[in-house]
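Colleague: Got a minute to walk me through this one? I'd like to go piece by piece.

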Amino acid sequence: MLLHLFSSDGCTKIPGHKEQTEEGEISFFDPEKVYVPGVDNKGLPLDSRVEAGAEVKVGTLLGVRKDFGVPIYSPISGKVSAIVKKKSTVVGRPVDFIEIENDKKGERITLRPLEGEINQANVVAKLKEGGIVGLGGAGFPTFIKYNTKDPIDTILVNAAECEPYLTTDYVTCLKYDLQDMMKALKVLMDALNIKQTFLVTKLEKVKMLEKFQQEVDKFGDPRIKVKGIKSVYPAGFERTMISLALNRTYDKLPSQCGVIVNNFATVLAISRLFFYGETISNKVITISGLVKNPQNVSLPYGTLVKDAINYVGGYTAEKASLLLGGPMCSECQMSDDVPLLIQNDAITVTPVKTIREEPCLHCGNCIAHCPMNLMPVEINDAARRGDFDKCFDLNVLECVNCGTCSFVCPSHIEVSGQVKQAKLMTTIKCPRAQRKPAPAPKKEPAAEAKK
Ligand code: SF4
Ligand code: SF4
């Protein structure tokens, strides 16, 4: 598959906007309350869900997700005060959230650290018991990646952080000791007989590459190496990263080409679980854009966005667009009364842009730049006709919501938002989409097709 990439030294630049936060310290915010989803990603109630009135500590089990059987643990200590309805940015509608009042004692209970023989079964079981999910935006359960039958030869630790404004990985890497992370990677490699790991970030992040190299040298396992990749968008997406770092491609899953990709923050969380039995509680997020004091903040997941914004001094504009994540992948929020989910890694406040959408020029830009080799304009035409069978054939389910097609559209059409909607409708309306995964892409690479 030919990958289409945006190069920061190419004809199209995506401004980084990282200077607001990349040199600053990480501060700590302890909110009065947090709101943890009481449902899974499909909106189904957690099994064994905790009731209002329960006393909890950091690490108390709050319930178990029905979709993947992953446990959810409390990020703070205190008391469950209520089950309330709040908008879930994953489910897309108001769902039950577990409201926890913070006693600010920070008392924690831990699981048993990883014990016994280092093998795949033990590691997978611990990752599942610990409720580890991808912390780089997707929230996909990590144990599933390691529960593969495919032979894996490489782990990629993804620290590309290609979204504009985001600097959590960069700042965390520079501020903290990473030896526990190295130990965790050694365990993962030993358990699955994996021969190499690369800590991957963009070549332009010189200080980060140097820090990674220092940590690798200090740890001294020759299987762990550092790799700088080209500064392109979307370098942080699995398919792109695997292509840039290893020159490999795959059809459906990275494991098909022998690779597991883990986000940098996720591997740090794995190390805390393996060696200290700690479940995920606080995470570092970048709060930037039109706020008074942009910075990276360590806070418990479940913090309300409005509380986090107040912590950094509030908005600096009366009208602004609020994004949970960076501007390329995230949708604008209608309200800041929403909880931060465990996978959210940024709050970005951008100027409101009044853009007049023009008719489609059929220029093919969205096709030429889609990193998944999709045809967004064709997908959206089919969706407008209500032809979701066609959307399925056009592999709409492969869309990774990277936002590139909207960014390159000269008519300022919200192409990626429409593709996202088409994807949702296809899963509902197209029986084939419910029965089996989408077929492998059939179309020729766009660059070739345009010749
Ligand atoms: S949002 Fe989807 S369709 Fe648009 S460029 Fe990204 S992967 Fe392709
Ligand atoms: S980039 Fe915009 S104008 Fe060009 S084909 Fe795609 S949707 Fe149409």
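Colleague: Which residues of helix H10 (residues 376-384) are buried?

Modeller: Keep in mind that this is a predicted model. Buried here means 20 or more other C-beta atoms within 10 Å of the residue's own. In H10 the residues that make that cut are Pro 376, Val 377, Ile 379, Asn 380, Ala 382 and Ala 383.

Colleague: And what do the buried residues of H10 pack against?

Modeller: One of them, Ala 382, also belongs to a core of 24 residues, along with Leu 374, Cys 399 and Ile 413 among others. Just past the helix, Gly 386 has a positive phi of about 75°. As for packing partners, the buried side of H10 meets helices H9 (365-369), H11 (388-393), H12 (404-408) and H13 (415-429).

Colleague: Moving on to the largest nonpolar core, which helix gives it the largest share?

Modeller: That core has 83 residues, and Leu 185 is among those with the most contacts inside it. Leaving aside neighbours within four places in sequence, Leu 185 touches Ile 155, Thr 197, Ile 224 and Val 267. The largest share of the core, 8 residues, comes from helix H7 (residues 264-276).

Colleague: Where domain 1 touches domain 2, which helix supplies the largest share of the domain 1 side?

Modeller: The contact involves 22 residues of domain 1 and 24 of domain 2. On the domain 1 side, helices H1 (120-129) and H3 (168-175) each supply at least two residues. The largest share, 4 residues, is from H3.

Technical notes:
Residues are numbered from 1 along each chain as its sequence is written. Chains are lettered from A and ligands numbered from 1 in the order in which they are written. This is a predicted model: local features need pLDDT of at least 70, side-chain atom pairs count only at pLDDT 80 or more; totals for chains, interfaces and linings use all residues. A nonpolar core is a set of buried Ala, Val, Leu, Ile, Met, Phe, Trp, Tyr and Cys residues joined through C-beta atoms within 7 Å. A residue is buried if 20 or more other C-beta atoms lie within 10 Å of its own, exposed if 12 or fewer, and partly exposed in between; C-beta atoms are placed from the backbone. Two residues are in contact if their C-beta atoms, placed from the backbone, lie within 7 Å.
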